[in-house]
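Notebook open, structure loaded. I want to look up the pockets, the DNA surfaces and how the two copies relate.

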Number of protein chains: 2
Amino acid sequence: MPTTEITETITDAEWCVMRIVWTLDQADSHTIIDLVSQQHDWKAATIKTLIGRLVKKGALATTKNGRQFIYTPLIPEQTAMDTALANQLDQMCAMCRGQAFVHAIDHTELSQADIQELITHLQTKLTTAPATIACDCLPEGYEGSC
Amino acid sequence: MPTTEITETITDAEWCVMRIVWTLDQADSHTIIDLVSQQHDWKAATIKTLIGRLVKKGALATTKNGRQFIYTPLIPEQTAMDTALANQLDQMCAMCRGQAFVHAIDHTELSQADIQELITHLQTKLTTAPATIACDCLPEGYEGSC
DNA sequence: ACTTAGAGTTTACATCTGTAAACGATAACT
DNA sequence: AGTTATCGTTTACAGATGTAAACTCTAAGT
């Protein structure tokens with residue numbers, strides 16, 4: 001079973017291309033180049049490079065269509081977002097992640113439905129939450145707190 | 001007024017060094033090298049390079065202490081975390097950020113206090129939240145949804 | 001059939017990152 | 001005073017990333 005795996009990282013510039021394809025669900029290079037170059041001051045050649053790298057990385061699939069290709073996402077947008085966020089969080093002190101969320105949520109526009117869903121999840125989580133989370137910035141055996 | 005500004009990015013490897021200094025609040029290179037090399041299979045020389053780059057970037061300050069330096073953070077940990085998270089989120093579709101939070105929160109250990117604080121913030125936020133957030137993956141004038 | 005424009009591929013190159021050895025200065029020990 | 005163990009600095013180098021020109025096909029128009 002060909003699981004939707006991707007080992008390689010999608011870089012910042014590549015994200016811009018992926019977002020177009022994710023949103024359109026499929027697109028030819030002309031469309032991608034057209035839309036991306038309205039958002040970024042990149043030459044068509046640059047965007048072609050990014051598309052090529054994404055195909056090589058296994059993030060985009062190609063389907064031949066006459067002289068050109070139709071590109072489709074091979075990894076789901078939500079998965080990519082979850083992974084990117086998790087990697088970022090893993091890098092931060094476990095003790096401080098809660099405050100990071102507070103700040104992030106304060107500064108992010110969220111819909112009523114999303115907020116309600118978050119509250120529900122948090123209320124459930126609260127029932128089994130530990131009183132405190134220890135700082136994990138120091139090696140095993142050392143006690144720290146930031 | 002010397003604001004705690006940092007234009008340059010702290011890389012993944014550099015984060016590991018910063019976390020030690022943030023947690024200890026101040027440390028000499030011997031301590032940093034000792035602790036970091038217990039967490040990562042890096043040579044002392046590697047960690048020295050990272051320290052040097054962080055000093056050059058303005059993320060660490062140095063105070064001479066005899067033959068060596070004491071390193072202290074020039075940027076607050078919370079600020080670094082907030083910035084890193086915000087940059088990550090800015091890259092993702094505005095419409096999908098809520099779901100990304102749901103996933104992230106589901107998979108992150110949080111203390112009771114943090115959860116309660118998050119719930120409080122979300123309840124406040126709910127009172128002024130829009131019903132929906134539009135996808136912002138396409139250029140101005142195009143309507144998309146992912 | 002011949003030319004051509006546009007799609008994808010190759011090549012290019014500077015900078016950033018991860019990883020580390022080599023080196024130079026100097027405090028500390030003998 | 002001479003030697004040594006460090007500490008910080010310089011140099012190194014491969015691979016990733018951002019950015020883009022050059023090139024090669026081949027479908028499409030004449």
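**Pockets**

I started with the largest pocket, which holds about 1100 Å³ of space. For the record, I looked on a 1 Å grid over the protein atoms alone, where a pocket is an open set of points with protein on both sides within 12 Å along at least five of seven lines, and lining residues have an atom within 4 Å of a point. Grid points are joined across faces, edges and corners, and the volume is the space filled by probe spheres set on the points.

I listed 42 lining residues for the largest pocket, and those closest to its centre are A:A84, A:Q88, A:Q91, B:D12 and B:Q88. Two or more lining residues each come from α1 and α4 (77-90) of chain A and from α1 (12-24) and α4 (77-90) of chain B. I took helices (H or I, at least four residues) and strands (E, at least two) as DSSP runs, numbered from the N terminus. With seven residues, α4(A) has the largest share of this lining. I sorted the lining of the largest pocket into 14 nonpolar, 20 polar and eight charged residues. My classes: Ala, Val, Leu, Ile, Met, Phe, Trp, Tyr, Cys and Pro are nonpolar, Asp, Glu, Lys and Arg are charged, and the others, Gly among them, are polar.

The second largest pocket has about 160 Å³. Its lining includes A:Q39, B:C135, B:C137 and B:Y142. I counted five nonpolar, three polar and three charged residues there.

**Ground rules**

I am working with a predicted model, in which local features need pLDDT of at least 70 and side-chain atom pairs count only at pLDDT 80 or more, while totals for chains, interfaces and linings use all residues. Residues are numbered from 1 along each chain as its sequence is written, chains are lettered from A and ligands numbered from 1 in the order in which they are written, and side-chain values use heavy atoms, with hydrogens and water left out.

**DNA strand D**

Which residues come closest to DNA strand D? I found A:T11, A:W42, A:T49, B:S29 and B:F69, out of 17 that surround the strand. Near means a heavy atom within 4 Å. Of the strand D atoms within 4 Å of the protein, 64% are sugar or phosphate, and the rest belong to bases.

I then checked polar contacts (N or O pairs within 3.5 Å). B:K48 has a polar side-chain atom 3.1 Å from a base oxygen of strand D. A backbone N or O atom of B:F69 is 2.8 Å from a phosphate oxygen of strand D. The largest share of the surface near strand D, five residues, is from α3(A).

**DNA strand C**

I got 19 residues around DNA strand C, with A:S29, B:T11, B:W42, B:T49 and B:R53 nearest. The side chain of B:R53 puts an N or O atom 2.9 Å from a base nitrogen of strand C. A polar backbone atom of A:F69 is 2.9 Å from a phosphate oxygen of strand C. Here α3(B) gives the most, with five residues.

**Two copies**

I laid chain A on chain B: RMSD 0.1 Å, by a turn of 180° and a shift of 0.0 Å along the axis. That is the relation of a two-fold axis. The superposition is by least squares on C-alpha atoms of residues with pLDDT of at least 70 in both copies. In chain A, the C-alpha of A:I119 comes closest to the rotation axis, at 2.9 Å. The same surface serves both copies, as 98% of the contact residues of chain A recur in chain B; contact is heavy atoms within 4.5 Å.

Notes:
Polar contact = N/O pair within 3.5 Å; in protein donor to acceptor, adjacent residues only side chain to side chain. 1 Å grid on protein atoms, 1.4 Å probe; cavity = no way out; pocket = protein on both sides within 12 Å on 5 of 7 lines; lining within 4 Å.
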